[in-house]
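Colleague: Please take one part of this model and go through it closely, namely the strand that is enclosed by the rest of the fold and the strands that pair with it. I would like the surroundings of that part as well, with the cut-offs behind each term.

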Amino acid sequence: MAVDIEPRPPLPPFTRDSAIRKVRLAEDGWNARDPSRVSLAYTPDSKWRNRAEFVNGREEIVQMLSRKWARELEYRLIKELWAFEGNRIAVRYAYEWHDDSGNWFRSYGNENWEFDEHGLMARRFACINDLPIREEDRKFRWPQGRRPDDHPGLSDLGL
């Protein structure tokens with residue numbers, strides 16, 4: 001029995017504007033911190049490399065994100081388009097969070113994304129580095145959830 005797939009616009013091939021929109025939608029989804037909802041932006045058989053972890057399919061995505069957000073408290077993320085072509089987008093990002101001992105971090109990374117014809121991400125390759133920061137050095141201080149439209153992006157923040 002075939003499964004109908006709901007398209008997730010914008011769809012490839014990407015333009016600069018549609019790639020920027022796709023990046024912001026991904027940022028918004030991750031800032032909501034709902035693993036099941038986030039997983040729906042990926043193909044059922046999506047392949048990930050996240051740090052040194054290899055994730056296959058939506059069920060493993062949900063499991064990985066659940067572990068992540070249980071460990072990375074008060075998570076706030078900003079993504080920025082780096083490059084795009086056809087059905088691929090590269091982003092750079094930073095997010096801030098603290099552990100259960102109150103230690104703050106800013107994690108920096110790059111991701112390469114490949115989308116199917118329905119706008120679902122089929123492959124995601126992420127490289128991430130964590131930098132300990134002091135609470136007073138935080139730059140991402142909006143209320144939990146979606147980053148406000150008037151909040152500076154990475155380039156504006158000098159990151």
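Modeller: What follows begins with the whole chain, turns to the strand you ask about, and then moves outward to the helices and to another hairpin.

The model is a predicted one, in which local features need pLDDT of at least 70 and side-chain atom pairs count only at pLDDT 80 or more, whereas totals for chains, interfaces and linings use all residues. Residues are numbered from 1 along each chain as its sequence is written, and side-chain values use heavy atoms, with hydrogens and water left out.

The protein contains 3 helices and 6 strands, where helices (H or I, at least four residues) and strands (E, at least two) are DSSP runs numbered from the N terminus. Read from the N terminus, the order of these elements is α-α-β-β-α-β-β-β-β. The C-alpha trace spans about 50 × 30 × 25 Å along its principal axes. The radius of gyration is 15 Å, which agrees with the value near 15 Å that a compact globule of 159 residues would have; it is taken over C-alpha atoms, and the globule rule is 2.2 Å times the number of residues to the power 0.38. Of the 159 residues, 47% are buried, a term that means under 20% relative accessible area, with exposed set at over 50% and partly exposed in between (1.4 Å probe, protein chains only). Among contacts (heavy atoms within 4.5 Å) between residues at least 6 apart in sequence, 56% join residues at least 24 apart.

Within this fold, the part to look at is S4, which covers residues 88–98. Because 10 of its 11 residues are buried, S4 is largely enclosed by the rest of the structure. S4 pairs with S3 (residues 73–85) in the antiparallel sense, through 10 bridges; two strands are said to pair if DSSP finds at least two bridges between them. Along this pairing Leu77 stands opposite Tyr95 of S4, and Leu81 stands opposite Val91 of S4. The hairpin of S3 and S4 leaves 2 residues between the strands, and Gly86 there takes a positive phi near 60 degrees.

S4 also pairs with S5 (residues 104–115), again antiparallel, over 11 bridges. His98 has Trp104 in S5 opposite it. The hairpin that S4 forms with S5 has 5 residues between the strands, and in its turn Gly102 has a positive phi of about 85 degrees. As background to such pairings, the side chains in a regular strand alternate between the two faces of the sheet.

Leu77, the residue opposite Tyr95, leads on to the helices, since it is among the contacts of Glu27. Glu27 is found in helix H1 (residues 16–32) and has a relative accessible area of 0%, so it counts as buried. Leaving aside neighbours within four places in sequence, Glu27 is in contact with Leu77, Ile78, Lys79 and Arg147.

Helix H2 (residues 35–39) holds Val38, which at 6% relative accessibility counts as buried. Not counting residues up to four places away in sequence, Val38 touches Gly29, Trp30, Leu65 and Trp69. Val38 and Ala26 lie 12 residues apart in sequence, with 8.2 Å between their C-alpha atoms.

Val62 belongs to helix H3 (residues 57–71) and, at 23% relative accessibility, counts as partly exposed. With neighbours within four places set aside, Val62 is in contact with Pro35, Ser36 and Ser39. Between Val62 and Arg24, which are 38 residues apart in sequence, the C-alpha distance is 20 Å.

The other hairpin joins S1 (residues 42–50) to S2 (residues 53–56), antiparallel strands linked by 4 bridges. Arg49 has Phe54 in S2 as its bridge partner. There are 2 residues between these strands, and Arg51 takes a positive phi near 60 degrees.
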